[in-house]
Amino acid sequence: MGLDIRLPIGLMFLIIGTVLMVFGLFTNNDQAIYQPSLGTNVNLWWGICLLVFGALMFHYGRLATAAHRTEGMHPSQSSIEGRLMEEREHEQGLEKGR
């Protein structure tokens, strides 16, 4: 299928992290909300953490998907036999134009 699980997980954490970070930014001056957490804006900090984690998951998912796509484009280059066949076709002039 080609869908890496890191892509939807990364998007989910990006969305949740963004919402939490924006909420933390808008409620930064309200001390009553953050009284139980000793004045620390946990919404902002956890939003940033989730945003970074989601960005990493999405990035590595995209890298793996891109590598998978390019791997399938030239299957002859992935084995020794395929490379030998390509060299032989090149020497004989049997290559198709790309």
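## Thr 27, a buried loop residue

Thr 27 has a relative accessible area of 11%, and therefore counts as buried, since buried means under 20%. The model in which this value was computed is a predicted one.

Along the chain, Thr 27 belongs to the loop that joins helix H1 (6–26) to helix H2 (42–73). A polar atom of the Thr 27 side chain lies 2.8 Å from the backbone oxygen of Phe 23. When residues up to four places away in sequence are not counted, Thr 27 touches Ile 33 and Tyr 34.

## Trp 45 and the nonpolar surface patch

Helix H2 contains Trp 45. The relative accessibility of this residue, Trp 45, is 53%, so Trp 45 counts as exposed, the cut-off for exposed being over 50%.

Trp 45 also takes part in a nonpolar surface patch of about 590 Å². The other residues that make this patch are Ile 48, Val 52, Leu 56, Tyr 60 and Leu 63.

## Phe 53 and its approach to Leu 14

Phe 53 is likewise placed in helix H2. With a relative accessibility of 39%, Phe 53 counts as partly exposed, because this value falls between the limits of 20% for buried and 50% for exposed.

Phe 53 can also be located relative to Leu 14, which is 39 residues apart from Phe 53 along the chain. The C-alpha atoms of these two residues, Phe 53 and Leu 14, are separated by 7.8 Å.

Note on methods: Residues numbered from 1 in each chain as written. Predicted model: local features only at pLDDT ≥ 70, side-chain atom pairs only at ≥ 80, totals over all residues. Heavy atoms only, no water. Helix = DSSP H or I, 4+ residues; strand = E, 2+ residues; numbered from the N terminus. Buried < 20%, exposed > 50% of the residue type's maximum accessible area, 1.4 Å probe, protein only. Polar contact = N/O pair within 3.5 Å; in protein donor to acceptor, adjacent residues only side chain to side chain. Contact = heavy atoms within 4.5 Å. Patch = residues over 30% accessible without salt bridge, like charges linked within 9 Å, V, L, I, M, F, W, Y side chains within 5 Å. Areas by Shrake-Rupley, 256 points an atom, 1.4 Å probe, with all protein chains shown as cover. Salt bridge = Lys/Arg side-chain N within 4 Å of Asp/Glu carboxyl O.
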